[in-house]
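Subject: Structure handover and findings

Dear colleague,

Please find the structure below, handed over for your own work. A summary of the findings follows it.

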Amino acid sequence: MSGRLAVELAGLRLKNPLLAASGTFGYGVEYERLMDLSTLGGIVSKGLYLEPRDGCDVPRIVETPSGLLNAIGLQGVGVRAYVRDVLPRLERHDTAVVVNVCGDTVEEYAEVTRILEDAPRVDAIEINISCPNVKKGGMAFGGDPKMTHEVVAAVRRVTRRPVVPKLSPNVADIALFARVCEEAGASAVSCVNTLLGMVVDVEQRRPRLAFGTGGLSGPAIRPIAVRMAWQAARAVSVPVIGIGGIMCAEDALEFLIVGCRAVQVGTANFVDPGVYERINAGLLSYLDRHGLAGIGDVVGTLAYPGETK
Ligand SMILES: Cc1cc2nc3c(=O)[nH]c(=O)nc-3n(C[C@H](O)[C@H](O)[C@H](O)COP(=O)(O)O)c2cc1C
């Protein structure tokens with residue numbers, strides 16, 4: 001892979017700006033036989049609590065126009081099993097490992113992070129304060145500036161690694177939440193998680209998901225996600241990682257141009273595991289076409305009415 005795609009992110013050097021988004025790529029090892037994990041800039045793990053969790057009842061996923069509505073409910077093996085069984089298997093892959101940390105309480109977020117602090121293979125902590133599919137924690141933290149500050153500060157206190165809160169799009173003022181995260185010590189912010197949605201089975205007159213509501217992802221949310229990433233990038237000086245509906249190089253470029261230093265690819269993983277190779281090739285060809293040396297030359301170059309750049 002060409003060094004032209006390398007990016008620097010909160011002290012980490014990623015070989016390219018593409019990370020697999022949390023919850024759409026398992027713990028990474030599930031994809032070992034489908035692709036070379038070393039072609040990824042990084043892998044963000046499925047969300048992890050202290051203990052294993054079963055998640056929501058089925059059905060948990062329903063297709064929508066250009067999107068996916070899910071209420072998985074953060075099913076997972078728990079942080080100790082992840083450290084014991086998964087991290088050693090990721091050792092041989094040359095890619096950044098970011099762990100998505102969850103909690104029902106501020107203390108749980110801190111405890112999960114503390115356990116990861118002793119594990120060698122972890123490069124950064126992503127704090128999931130934005131999952132819409134759980135009754136406690138999740139979006140309840142990410143929708144309240146005071147709680148957001150508290151969780152981010154608590155995690156910051158127990159780790160030396162980069163701390164990356166993942167913002168919820170289910171708020172009126174995303175810039176405010178990005179600033180709160182920066183003030184609480186975030187090294188970067190991920191922007192955004194899924195949008196709260198609902199699909200109704202009109203014959204049964206009940207929600208199609210067992211949980212009732214779910215999180216909407218995929219191309220359907222991309223224009224909203226790009227707008228929010230743009231607002232967040234203008235509000236803070238720490239890097240922003242853009243997420244939402246990226247299917248091809250042009251989609252990734254939208255996020256980079258509005259100011260994101262890197263991007264995550266989620267729902268596209270369910271459609272095409274070859275998406276990373278395809279996007280990286282498209283980014284290189286864009287650099288060639290525009291006579292640019294590296295992908296960093298694209299970041300934050302949006303020409304906006306009334307501004308010079
Ligand atoms: C099935 C599914 C599971 C997800 N699980 C998590 C999770 O565990 N933690 C998290 O922070 N985000 C989770 N997300 C949100 C994604 O990481 C991403 O933010 C969102 O899907 C938007 O990106 P996309 O449109 O590229 O999918 C999940 C999304 C989907 C579709």
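Which residue in E6 does Glu 63 stand opposite? The partner of Glu 63 is Leu 68. Please note before reading further that this is a predicted model.

The sheet

The pair just named belongs to strands E5 and E6, which are joined in the antiparallel sense over four bridges. Both strands are part of an open sheet of four strands, ordered E5-E6-E14-E11, with antiparallel pairing. E5 and E11 form the edges of this sheet, each pairing on one side only. On average, neighbouring strands in the sheet are turned by 35 degrees against each other, direction ignored.

Backbone geometry

Most peptide bonds are trans, and most residues other than glycine have a negative phi. The following places in the model may therefore merit your attention against that background.

Two cis peptide bonds were found. One runs from Val 58 to Pro 59, with omega near -5 degrees. Pro 59 is situated in the loop that links strand E4 (42–44) with strand E5 (61–64). The other cis bond runs from Cys 191 to Val 192, and its omega is near 25 degrees. Val 192 belongs to the loop between strand E10 (189–191) and strand E11 (195–197).

Positive phi values occur at Ser 66 and Leu 74. For Ser 66, which is not a glycine, phi is near 55 degrees. This serine sits in the loop between E5 and strand E6 (67–70). Is Ser 66 buried or exposed? Ser 66 counts as partly exposed because 14 other C-beta atoms lie within 10 Å, where 20 or more would make a residue buried and 12 or fewer would make it exposed.

Leu 74, likewise not a glycine, has a positive phi of about 55 degrees. Its position is in the loop between E6 and helix H1 (79–90). With 23 other C-beta atoms within 10 Å, Leu 74 is buried.

The ligand surroundings

How many residues surround the ligand? There are 26 of them, and the closest are Gly 23, Gly 47, Ser 217, Gly 266 and Thr 267. By residue class, the shell around the ligand consists of 15 polar, nine nonpolar and two charged residues.

Yours sincerely,
A colleague

Note on methods:
Residues numbered from 1 in each chain as written. Predicted model: local features only at pLDDT ≥ 70, side-chain atom pairs only at ≥ 80, totals over all residues. Near = placed C-beta within 6 Å. Nonpolar A, V, L, I, M, F, W, Y, C, P; charged D, E, K, R; others polar. Helix = DSSP H or I, 4+ residues; strand = E, 2+ residues; numbered from the N terminus. Pairing = 2+ DSSP bridges. Axes fitted to C-alpha atoms, helices over the stretch in contact; angles between N-to-C directions.
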